[in-house]
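Me: I've got a new model open and I'd like to practise reading it feature by feature. Can you walk me through it?

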Amino acid sequence: MDWKLIATIFGSVFVAELGDKTQLATMLFASKDGVSRWQVFAGAAAALVVSTALGVFAGKLVSTYVGEQALKYVAGVGFVLIGAWTLWKA
């Protein structure tokens with residue numbers, strides 16, 4: 001098992017998820033009176049696991065047709081466009 005790879009992925013995903021819409025929505029659910037915090041945690045954790053699994057399978061599928069460098073460029077351009085769009089809408 002490659003612990004360095006696992007730590008890198010954990011760190012990247014952890015930092016990317018801090019303060020994003022998912023975390024804010026989870027905080028809103030947990031802030032309601034009478035809501036079980038464990039149920040909120042379980043639902044949010046399950047959603048993250050399933051969406052991550054989809055990302056892993058999609059990444060493996062796409063990588064059979066598109067090279068790694070091209071994927072990096074597409075992802076980079078995508079993030080820049082999303083950032084520009086977010087700034088434009090602000």
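Reply: Sure. Let's start with a single residue: Leu-5 lies in helix 1. Keep in mind that this is a predicted model.

Me: Is Leu-5 buried, partly exposed or exposed, and which value decides that?

Reply: Leu-5 has a relative accessibility of 46%, so it counts as partly exposed; the exposed class takes values over 50%. You can also ask how far Leu-5 sits from another leucine: its C-alpha atom and that of Leu-28 are separated by 33 Å, with the two positions 23 residues apart along the chain.

Me: How do I read aromatic rings?

Reply: You describe a pair of aromatic rings by the distance of the centres and the angle of the planes. Searching the whole structure turns up two aromatic pairs. In one of them, the rings of Phe-10 and Phe-14 have centres 5.7 Å apart and planes at 15°, so this pair is stacked. The reasoning rests on the cut-off for stacking, which is planes under 30 degrees apart.

Me: Where do Phe-10 and Phe-14 sit along the chain?

Reply: Both belong to helix 1 (residues 3-17), and they are four residues apart, about one turn of the helix. Phe-10 is exposed, because its relative accessibility is 56%. Phe-14, with a relative accessible area of 45%, is partly exposed.

The other pair is Trp-38 with Phe-41, and it is edge-to-face, at 6.2 Å centre to centre and 85° between the planes.

Me: Which helix holds Trp-38 and Phe-41, and how many residues apart are they?

Reply: Helix 3 (residues 37-63) holds both, and they are three residues apart, again about one turn of the helix. Trp-38 counts as exposed at 68% relative accessibility, and Phe-41 counts as exposed at 52%. While you're there, look at Gln-39, also placed in helix 3. Its relative accessible area is 61%, so Gln-39 is exposed. Its C-alpha atom and that of Phe-29 are separated by 9.9 Å, the two residues being 10 apart along the chain.

Me: What about charges?

Reply: Side chains of opposite charge can pair when their charged atoms come close. Here a search of the whole structure finds one salt bridge. Its partners are Lys-72 and Glu-68, whose closest N and O atoms are 3.5 Å apart.

Me: Why are Lys-72 and Glu-68 separated by about one helical turn?

Reply: Because they are four residues apart in helix 4 (residues 68-89). As for their surroundings, Glu-68 is exposed, with a relative accessible area of 59%, while Lys-72 is partly exposed, at 49%.

Me: Which residues make the nonpolar surface patch?

Reply: Leu-61, Val-62, Tyr-65, Val-66 and Leu-71 make it, and the patch covers about 470 Å². Take Val-62 as an example: it lies in helix 3. With a relative accessible area of 36%, Val-62 is partly exposed. That fits the way patches are picked, since their residues need over 30% relative accessible area.

Me: And how do I go about empty space?

Reply: Rolling a probe the size of a water molecule over the atoms shows where empty space is left. In this model, the largest pocket has a volume of about 390 Å³. It is lined by 13 residues, and the closest to its centre are Glu-17, Thr-22, Gln-23, Ala-44 and Leu-48.

Me: Which elements give two or more residues to the lining of the largest pocket?

Reply: Those are helix 1, helix 2 (21-31) and helix 3. So, to look back, helix 3 is where you found the Trp-38 and Phe-41 pair, and it holds Val-62 as well.

Notes
Residues numbered from 1 in each chain as written. Predicted model: local features only at pLDDT ≥ 70, side-chain atom pairs only at ≥ 80, totals over all residues. Heavy atoms only, no water. Phe/Tyr/Trp six-rings, centres within 6.5 Å; stacked < 30°, edge-to-face > 60°. Buried < 20%, exposed > 50% of the residue type's maximum accessible area, 1.4 Å probe, protein only. Patch = residues over 30% accessible without salt bridge, like charges linked within 9 Å, V, L, I, M, F, W, Y side chains within 5 Å. Areas by Shrake-Rupley, 256 points an atom, 1.4 Å probe, with all protein chains shown as cover. Salt bridge = Lys/Arg side-chain N within 4 Å of Asp/Glu carboxyl O. 1 Å grid on protein atoms, 1.4 Å probe; cavity = no way out; pocket = protein on both sides within 12 Å on 5 of 7 lines; lining within 4 Å. Points joined across faces, edges and corners; volume = space filled by probe spheres on them.
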